Amino acid sequence: MGFSFDNPFIAVSAFLLIPAAAFIFSRMKNPFVAAIPLGAPGGVPYKTTQLIGIVKILKFLEITGIFLLFFSAANPIIKTLETVWLNRGADIMFIMDVSPSMAAVDMDGKNRFETGRNLLIEFADKRPSDSIGLVAVGEDAALLLPPTTDRQILKLRLQQLRIGELGDGTALGMGIATAAYHLDKSNAKRRVAVLITDGENNAGAIHPETAAGLLKEMGISFWVIAVGSAGEVFLDYVDPFTNIRQRGIFDSRYDVESLRRLTTIGAGTFIIAPSADTFAAAFYRLDDNEIIIQRSRIVSRLSSYAFPFLISAVILLTTVKFIRRFLLGAIV
């Protein structure tokens, strides 16, 4: 980012000539003004201290307005550098399990859902040219965000997502099929579906193996990240429907082989992530393998800020004129 003027000579004039002229005129007396003493003869002269103060303020505002006019005429501009991608990145659809078991706290003091959400945001920030989409899975599945490069809307939607908002079940097949449907419409050279879950399919009208087969037929790269440790785990979350906090010990168990079989059918990659470190490593592996060679160039953008200074100058000079003409009756 850089700041400059389109007409630097005018800017120099504003910084040097106007203050100098203001100083000179402040030392000069107006030859057409006569000093007339006010007040009763022999009495106490009328004090004009308050009027003199108003005159000084008006002079200051007037000089400031003229300075802003010159500043606007100099056309201040700010130069910014922007990366422009010359080819399209991958379309990646994340299928996030939001069933209550994802509230299990076994990721270095955080629950599985929160850890996955943070890793997803970090992953998206490292790949600005990729379009990232989001599907949530519970007792049903829902498309929360179609593939987009808008990282702000992605982060907002992830922050709004709540554990248990789609019910207590886990409709993995519905989630995979929803992602497949939207990725099938994409014309990106690389299309990826990433399932993040700690459970096994127990809801929905579509079997997950059928949905995984669709991904293979469509040529969509498929990843399954089985997150969470086995055994008794502390669970803590707020039910989005009742606003009641649910806490207790959860017996964490899921069928690893059924999830592994999904990736076999979908010709994908299966990763077990029982800890925060292995969960992060899964995202690093995803980042390393789903690479598209990107071409980009740096473009400079010039933004003019002359108009705000022009408006400010007009307001100041108009205000001074109004005060002199209508409030002081052109005395000063």
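Which residue of S8 is the bridge partner of Phe94? In the predicted model examined here, the bridge partner of Phe94 in S8 is Val194, and this pair belongs to the contact between strand S3, residues 91-97, and S8, which run parallel and are joined by 6 bridges.

The two strands form part of an open sheet of 6 strands, in which the order is S7-S6-S3-S8-S9-S12 and the pairing is mixed. Strand S7 (141-148) and strand S12 (269-273) occupy the edges of the sheet, and because each has a single partner strand, one side of each is left without a neighbour in the sheet. From one strand to the next, the twist averages 15 degrees. At the S7 edge, strand S6, which comprises residues 131-137, pairs with S7 in the antiparallel sense over 5 bridges, and within this pairing Val137 has Ala141 of S7 as its bridge partner. Helix H7, formed by residues 256-265, packs on the sheet and touches strand S8 (191-197), strand S9 (221-227) and S12, with the direction of the helix making about 150 degrees with that of S12.

Strand S8 was then considered in terms of its burial and its side chains. Of the 7 residues of S8, 7 are buried, so the strand is largely enclosed by the rest of the structure. In a regular strand the side chains alternate between the two faces of the sheet. In S8, Arg191, Ala193, Leu195 and Thr197 point one way, whereas Val192, Val194 and Ile196 point the other way, and all of these residues are buried. Besides its pairing with S3, strand S8 is joined to S9 by 6 bridges, and S8 and S9 run parallel; here the bridge partner of Thr197 is Ala226 in S9. Together with helix H6, which spans residues 208-218, strands S8 and S9 make a right-handed β-α-β unit.

Attention was finally given to Ser101, which is placed in the loop between S3 and strand S4 (105-107). The relative accessible area of Ser101 is 14%, and because a residue counts as buried when this value is under 20%, Ser101 is classed as buried. When its neighbours within four places in sequence are left aside, Ser101 is in contact with Arg112, Asp198, Leu235 and Phe250.

How values were computed. Residues are numbered from 1 along each chain as its sequence is written. This is a predicted model: local features need pLDDT of at least 70, side-chain atom pairs count only at pLDDT 80 or more; totals for chains, interfaces and linings use all residues. Side-chain values use heavy atoms; hydrogens and water are left out. Two strands pair if DSSP finds at least two bridges between them. Helices (H or I, at least four residues) and strands (E, at least two) are DSSP runs, numbered from the N terminus. Axes are lines fitted to C-alpha atoms, for helices over the stretch in contact, and angles run from 0 to 180 degrees between N-to-C directions. Contact means heavy atoms within 4.5 Å. Buried means under 20% relative accessible area, exposed over 50%, partly exposed in between (1.4 Å probe, protein chains only). A crossover is right-handed if, with the strands pointing away from the viewer, the path from the first strand over the helix to the second runs clockwise.
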